[in-house]
Amino acid sequence: MNVWFHKQNKLIQVLLLLIPVVNWIVEILVRWSSFAKKGGLLRLIVCIIVTIPSGVVIGWLDAIWTLIFNKLILE
């Protein structure tokens with residue numbers, strides 16, 4: 001899922017991260033697949049934080065971050 005998300009156009013990435021429930025699902029899938037591939041304590045902590053329902057707000061922050069830097073926060 002991580003590779004699929006990064007292959008998408010920047011507009012598609014931002015739109016996926018702006019839609020309220022979709023952004024939470026995309027965040028969970030991309031973050032956990034990134035953790036499964038690369039590991040690391042910081043990634044695990046971010047994955048756990050994103051998994052709780054307040055992860056929707058982090059999704060909106062990630063939409064802005066993706067628009068500016070072309071990657072997710074702390075990825």
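Let's start with Q13, which sits in helix α2 (residues 10-18). Keep in mind that this is a predicted model. Buried or exposed, where does Q13 fall? Its relative accessibility is 2%, so Q13 counts as buried, the cut-off for that label being under 20%. Setting aside neighbours within four places in sequence, Q13 is in contact with F5, H6, Q8, T66 and N70. The far end of the chain also shows up in the backbone: the C-alpha atoms of Q13 and L67 are 8.5 Å apart, with their positions 54 residues apart along the chain.

One of those contacts of Q13, N70, deserves its own look. N70 lies in the segment after α5 (55-69). Its phi is positive, about 65°, although N70 is not a glycine. With a relative accessible area of 44%, N70 is partly exposed, whereas Q13 is buried.

**The overall fold**

Stepping back, what is the protein built from? It has five helices and zero strands, and reading along the sequence gives the pattern α-α-α-α-α. The C-alpha trace spans about 30 × 25 × 20 Å along its principal axes. A compact globule of 75 residues would have a radius of gyration near 11 Å, and the protein agrees, because its own value is 11 Å.

Of the 75 residues, 33% count as buried. The protein exposes about 4,600 Å², and carbon and sulfur atoms supply 79% of that area. As for how the chain meets itself, take the contacts between residues at least 6 apart in sequence: 60% of these join residues at least 24 apart.

**Two glycines in α5**

Helix α5 holds both G55 and G59. G55 is buried, with a relative accessible area of 0%, and G59 counts as buried at 0% relative accessibility. Which residues does G55 meet beyond its neighbours within four places in sequence? They are W24, I49 and V50. The W24 contact goes with a C-alpha to C-alpha distance of 6.1 Å, although G55 and W24 are 31 residues apart in sequence.

G59 has its own set of partners: not counting residues up to four places away, G59 touches L17, N23 and E27. Its C-alpha atom is also 8.5 Å from that of V26, a residue 33 places away along the chain.

Here are the C-alpha pairs from this report side by side:

| Pair | Separation in sequence | C-alpha to C-alpha distance |
|---|---|---|
| Q13 and L67 | 54 residues | 8.5 Å |
| E75 and S34 | 41 residues | 7.7 Å |
| G59 and V26 | 33 residues | 8.5 Å |
| G55 and W24 | 31 residues | 6.1 Å |

**S34, E75 and a cavity**

Now for the E75 and S34 pair. S34 is part of helix α3 (residues 20-38), while E75 is in the segment after α5. S34 counts as buried because its relative accessibility is 2%. Leaving out residues up to four places away in sequence, S34 touches N2, G39, R43 and E75. On the same terms, with neighbours within four places set aside, E75 is in contact with N2, H6, V30, R31, S34 and R43. N2 and R43 therefore turn up in the contacts of S34 and in those of E75, a contact being heavy atoms within 4.5 Å.

S34 and E75 are also among the residues lining the largest cavity. How many cavities of 30 Å³ or more does a search of the whole structure find? It finds one, and the largest cavity holds about 40 Å³ of space. What lines it? The lining is made up of R31, S34, R43, V46, C47, L74 and E75.

Helices α3 and α4 (41-51) each supply at least two residues of that lining. The largest share, three residues, comes from α4. By class, the lining has three nonpolar, one polar and three charged residues.

To pull this corner together: S34 from α3 and E75 from the segment after α5 touch each other, and both help line the largest cavity.

Terms used. Residues are numbered from 1 along each chain as its sequence is written. This is a predicted model: local features need pLDDT of at least 70, side-chain atom pairs count only at pLDDT 80 or more; totals for chains, interfaces and linings use all residues. Side-chain values use heavy atoms; hydrogens and water are left out. Helices (H or I, at least four residues) and strands (E, at least two) are DSSP runs, numbered from the N terminus. Buried means under 20% relative accessible area, exposed over 50%, partly exposed in between (1.4 Å probe, protein chains only). The radius of gyration is taken over C-alpha atoms; the globule rule is 2.2 Å times the number of residues to the power 0.38. Accessible areas come from the Shrake-Rupley method with a 1.4 Å probe; for residues, only the protein chains shown count as cover. On a 1 Å grid over the protein atoms alone, a cavity is a set of points where a 1.4 Å probe fits but cannot get out, and a pocket is an open set with protein on both sides within 12 Å along at least five of seven lines; lining residues have an atom within 4 Å of a point. Grid points are joined across faces, edges and corners, and a volume is the space filled by probe spheres set on the points. Ala, Val, Leu, Ile, Met, Phe, Trp, Tyr, Cys and Pro count as nonpolar, Asp, Glu, Lys and Arg as charged, and the others, Gly among them, as polar.
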